Structures are given as structure tokens and as C-alpha cells.
Amino acid sequence: MITVKNGLLISVEGIDGCGKSTFIKNLQRKLQEHNVDHIITKEPGGSPLGKLLRQIILTKEVPLCSKSEYLLFAADRAQHIEQIIKPALIDNKVIVSDRMGDSSIVYQGYARGLDIDMIKTINAWATNGTVPDIIFYLNIDVPTAFKRIYERKEELTSFEREHEDFMYKVKKGFDELFNNKDNVVKLDAHQTPDTLAQQAIEVILQKAKK
Ligand code: TMP
């Protein structure tokens with residue numbers, strides 16, 4: 001069994017419809033094939049509290065102003081770190097999280113217009129400064145992402161129901177935030193699921209060896 005001393009924290013980021021779910025499913029298969037001790041988790045919704053918060057945030061059955069929306073993500077994040085991420089790091093596991101704090105910087109900061117420095121400060125406080133060792137950024141163009149969302153035929157989340165210009169702001173935010181960051185691995189999300197998972201597992205195995 002491959003373990004990593006003090007764990008390895010990985011987040012997967014990208015705009016809605018970039019193919020994160022399929023990517024993570026395929027990556028999990030590769031992690032199993034290579035006998036890597038790992039967990040798969042997500043924000044929002046990785047902890048029991050997070051599951052309740054995810055329902056509130058993504059259905060928007062009650063109105064949420066931008067600040068409340070962000071603070072619910074931050075509450076989910078604090079609980080996720082404390083209850084799920086920290087113990088798994090101590091257990092020397094590889095952790096793959098479907099989104100983390102960078103999503104708030106982009107969605108609530110760049111796209112909704114909240115103060116980005118304030119989000120960074122609260123994120124750092126909520127997580128005790130825990131940041132991913134690797135960020136896989138699934139890069140895709142907005143029209144292809146929308147096509148994928150509509151082809152899924154599932155009920156749309158509150159974010160997927162936003163106007164198209166919101167998603168262009170999100171895309172621009174990710175591109176700017178992830179430009180020239182050491183821990184970001186940018187993947188072309190138009191490639192086949194297997195190619196993407198293969199590229200990712202190679203990065204993980206390389207990092208795990210160090
Ligand atoms: P997903 O888990 O299917 O990606 O859905 C989560 C949605 O929540 C997605 O549209 C992105 C959004 N989101 C934020 O706006 N801010 C955040 O901090 C996080 C984690 C997600």
C-alpha cells in the first residue's frame with residue numbers, strides 16, 4: 001500500500017460542467033490500481049454538517065445574500081478540515097477533494113464581487129492555513145461546459161442556473177488565480193477521461209515518491 005508521510009492534499013477545481021465528477025471517478029480507479037491509500041471528499045458536503053449546508057446552498061430554497069452564501073461555504077470548509085481532512089493527513093493518506101477554498105475566491109470573489117482579500121483571510125482562518133499540495137485545474141471553454149451541463153439532464157444547481165456571463169466571470173477568475181501558481185496542474189479538460197486520469201496519477205505518484 002502506498003502512503004505519503006503527513007498525507008497529500010489534492011483539490012480539483014474548474015467551472016461547472018468541466019467534468020470534475022467523471023475525472024475524480026477515473027482518478028479513484030487509478031489510485032486503487034496503484035494501491036494508493038486515499039479518500040475522496042468534497043466541498044461543500046464532505047462532512048455530515050456539510051451535507052446539510054450543501055442542500056441549503058445549492059437549492060437556494062430560501063434567499064441567500066452573497067455574504068451568507070460565502071459564510072456557509074466557509075462553515076462547511078472549517079468542519080471539513082477539522083473532521084475529514086486533518087485526520088486523513090495524520091493517517092498519511094492521499095486526499096482528493098472535489099473543490100476547496102479557491103472555489104470561494106473565484107465564485108464569491110471574482111464572480112459575485114465580494115472582497116477577495118477578505119475571502120482569503122476567512123478561508124485561511126477556517127482552515128488553519130491548510131492549503132492543497134496539488135490543485136488539478138480542469139480547464140474547459142464555457143460553451144462546451146454549458147453543453148455538458150444541459151446534456152446531463154439532472155436538475156440544475158443554483159450556480160448552473162446563473163446567467164452565462166456569471167460563468168464567464170468564474171472562468172476568468174480561475175484563469176487569473178491559477179496563472180503561474182506552483183501547486184497548480186492545469187489539465188485540458190477536452191481530453192478523454194482516461195487521458196486526464198493518467199496525467200493526474202503520474203503527477204500524484206511522482207509527488208508521493210518525494
Ligand atoms: P459541485 O460540487 O457540483 O461542483 O457544486 C458546487 C457548486 O458550488 C459549484 O457551482 C461551485 C459552487 N461553489 C462556490 O460557489 N463556492 C465554493 O466555495 C465552493 C466550494 C463551491
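In this predicted model, α5 gives the most to the lining of the second largest pocket, putting in 4 residues. That helix spans residues 116-127, and along with α4 it is one of the elements that supply at least two residues each to this lining. The second largest pocket takes up about 290 Å³. Its wall is made of 18 residues, and those lying nearest the centre are Gly101, Asp102, Asn123, Thr130 and Val131. Sorted by class, the lining of the second largest pocket comes out as 7 nonpolar, 6 polar and 5 charged residues.

The largest pocket holds about 980 Å³ of space. A set of 41 residues lines it, and Asp16, Lys20, Ser21, Arg152 and Glu160 sit closest to its centre. Quite a few helices pitch in here: α1 (20-33), α2, α3, α4, α6 (142-151) and α8 (193-209) each bring at least two residues to the lining of the largest pocket. That lining splits into 15 nonpolar, 12 polar and 14 charged residues.

So much for the pockets themselves; next comes the ligand. The space it takes is the largest pocket. Around the ligand there are 14 residues, with Asp16, Arg77, Arg99, Ser104 and Gln108 coming nearest. Asp16 thus turns up twice, once among the residues closest to the centre of the largest pocket and once among those nearest the ligand.

Three side chains can be picked out for their polar atoms. In the side chain of Asp16, an N or O atom is 2.7 Å from an oxygen atom of the ligand. The side chain of Arg99 likewise has an N or O atom 2.7 Å from a ligand oxygen. With Gln108, the partner is a nitrogen atom of the ligand, and a polar side-chain atom of this residue lies 2.7 Å from it. On its own, the ligand would expose 480 Å², and the protein buries 93% of that.

As for where the shell around the ligand comes from, α2 (48-59), α3 (66-90) and α4 (101-111) each chip in at least two residues. The largest share is that of α4, with 4 residues. By class, the shell is made up of 5 nonpolar, 3 polar and 6 charged residues. Helix α4 therefore has a part in each of these places, as it supplies at least two residues to the ligand shell, to the lining of the largest pocket and to the lining of the second largest pocket.

Definitions and conventions. Residues are numbered from 1 along each chain as its sequence is written. This is a predicted model: local features need pLDDT of at least 70, side-chain atom pairs count only at pLDDT 80 or more; totals for chains, interfaces and linings use all residues. Side-chain values use heavy atoms; hydrogens and water are left out. A residue is near a molecule or strand if one of its heavy atoms lies within 4 Å of it. A polar contact is a pair of N or O atoms within 3.5 Å; within protein, one must be able to donate a hydrogen and the other to accept it, and residues adjacent in sequence count only if both atoms are side-chain atoms. Accessible areas come from the Shrake-Rupley method with a 1.4 Å probe; for residues, only the protein chains shown count as cover. On a 1 Å grid over the protein atoms alone, a cavity is a set of points where a 1.4 Å probe fits but cannot get out, and a pocket is an open set with protein on both sides within 12 Å along at least five of seven lines; lining residues have an atom within 4 Å of a point. A molecule sits in a cavity or pocket if more than half of its atoms lie within 2 Å of its grid points. Ala, Val, Leu, Ile, Met, Phe, Trp, Tyr, Cys and Pro count as nonpolar, Asp, Glu, Lys and Arg as charged, and the others, Gly among them, as polar. Grid points are joined across faces, edges and corners, and a volume is the space filled by probe spheres set on the points.
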